[in-house]
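These are my notes from going through the model entry by entry. I began with charged pairs, then turned to sheets, cysteines and the surface.

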Amino acid sequence: MSKQGILLVNLGTPDSPSVSDVRRYLDEFLMDERVIDISAVGRTLLVKGIIVPFRGPKSAKTYQKVWTENGSPLLFYSVRAAELLQRKLGDDYCVALGMRYQNPSIAVALEKLKAAGVKSIKVIPLFPQYASATTGSVHQKVMEQVSKWQTIPSISFLNSYHDEPGMIEIFAANGQKYQPETFDHIIFSFHGLPQRQLIKADDSKKHCLQSADCCSRLTDVNRFCYSAQCHNTARLIAESLSIPKEKYTVTFQSRLGKDPWAQPYTSEVIHSLGKGGAKRLLVFSPAFVADCLETIYEIAEEYDLEFKALGGEKVQLVESLNDKAEWIDVLAQLAVRPV
């Protein structure tokens, strides 16, 4: 009997923390038209002429701080998740892992499934919330690759799982270990997106950023809005932990450039709380299912230092899902559930 193929896809990571490998990674990542959605000429001048040459050495130093004996944490946990999912699903399935940028590539992962003779492929991006720059880019790349095949099996794409109960429970359980009630404030920090990309995702052209609370709840109009999905994920985790609305804030990190991004910015909220006398902050990062540079370094190191400089005592990161058995159970459910 033919197997069913499962393609897990994460964002990607440099092959090593060397300047050359980091520059290669940044070049592929930032040249994606869905990531920096400006003209091809403008993107080329910006990425190849400014960002990669000047940011590469600085980013390499940062990657060196999070690199382990197992390599990149993002890649390590992604590989572990794929291996454990294969074990969980058994021989009726073939699980492959691809990275949208760098290695192992989506092309190589798809060839693995093709060689296994799978009768179908289900694509599961490892991004709970949908965004054109992440999930959309993964879907586009998969379609580009399989369009070259003579025989294309049935393919299905998971759009998002921002409200998946099992995932919410794991994030909540991870946070409960730190006793959220003992912290002055809780932050749910998600990776940022330019506001122009949020507006582009509003097919109605009448909702996005038209009011201060346009993302506060999901509706048929904003069901594909990245920010609205982030707010929904945070609300569900907060409700699971009985965190009152006034004690938590949804924020966005990792800005690039001067254009306005999804707000409020994590760094600014932390500064405001520090100046206001807060001493201990608990930070969830539910846009990432595996700990990586943005969680291990940006939150747990950079934001912690910034907060302490303002008189704070601790910014405590809540670890991600990584290779927890409960997360593998959730992935298995997503893999076998009809789209």
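Entry 1, salt bridges. In this predicted model, I looked up D37 and found its side chain meeting that of K200 in a salt bridge, with 2.8 Å from N to O. D37 sits in the loop between helix 1 (19–30) and helix 2, whereas K200 belongs to helix 7 (residues 195–200), so the pair ties together parts that are 163 residues apart in sequence. I then checked how far each partner is covered: D37 counts as buried because its relative accessibility is 15%, while K200, at 48%, counts as partly exposed. The pair does not stand alone, since D37, R196, K200 and D259 are linked in a network of salt bridges.

I next looked up R80, whose side chain meets that of D323 in a salt bridge at 3.2 Å, N to O. This pair also links distant parts of the chain, with R80 in helix 3 (residues 73–89) and D323 in the loop between strand 8 and helix 11 (325–336), 243 residues apart. Both partners are partly exposed, R80 with a relative accessible area of 27% and D323 with 23%.

For a pair within one helix I turned to D304, which forms a salt bridge with K308, the closest N and O atoms being 3.0 Å apart. Both residues lie in helix 10 (residues 293–309), 4 residues apart, or about one turn of the helix. D304 is buried at 7% relative accessible area, whereas K308 is partly exposed at 40%. My search for salt bridges gave a count of 12.

Entry 2, strands. I traced an open sheet of 4 strands in the order 6-5-7-8, with parallel pairing. Strand 6 (248–253) and strand 8 (314–317) stand at its edges with a single partner strand each, so one side of each is left without a neighbour in the sheet. On average, neighbouring strands of this sheet are turned by 30° against each other, direction ignored. Between strand 5 (residues 185–191) and strand 6 I found 6 bridges in the parallel sense, and F190 stands opposite F252 in strand 6. In strand 8 I noted L317, which counts as buried because its relative accessibility is 12%; its C-alpha is 8.0 Å from that of I296, 21 residues apart in sequence.

I also looked at strand 1 (residues 4–12), which pairs with strand 2 in the parallel sense over 8 bridges; the bridge partner of L7 in strand 2 is A96. Strand 2 (residues 93–101) has 9 of its 9 residues buried, so it is largely enclosed by the rest of the structure.

Entry 3, cysteines. I searched the whole structure for disulfides and found 0. C208 is in no disulfide, and the nearest cysteine sulfur, that of C214, is 5.4 Å away. The sulfur of C215 has its closest cysteine sulfur, also in C214, at 3.8 Å, which is too far for a bond, because a disulfide needs the sulfur atoms within 2.5 Å. C208 is buried at 10% relative accessibility, and C215 is buried at 12%.

Entry 4, surface. Which residues form a nonpolar patch on the surface? I found I38, L46, I50 and F54, with about 380 Å² of accessible area together. I50 lies in helix 2 (residues 40–66) and counts as partly exposed because its relative accessibility is 47%.

Notes: Residues are numbered from 1 along each chain as its sequence is written. This is a predicted model: local features need pLDDT of at least 70, side-chain atom pairs count only at pLDDT 80 or more; totals for chains, interfaces and linings use all residues. Side-chain values use heavy atoms; hydrogens and water are left out. Patches are made of residues with over 30% relative accessible area and no salt bridge: like charges are joined within 9 Å, nonpolar side chains (Val, Leu, Ile, Met, Phe, Trp, Tyr) within 5 Å. Accessible areas come from the Shrake-Rupley method with a 1.4 Å probe; for residues, only the protein chains shown count as cover. A salt bridge is a side-chain nitrogen of Lys or Arg within 4 Å of a carboxyl oxygen of Asp or Glu. Buried means under 20% relative accessible area, exposed over 50%, partly exposed in between (1.4 Å probe, protein chains only). Two strands pair if DSSP finds at least two bridges between them. Axes are lines fitted to C-alpha atoms, for helices over the stretch in contact, and angles run from 0 to 180 degrees between N-to-C directions.
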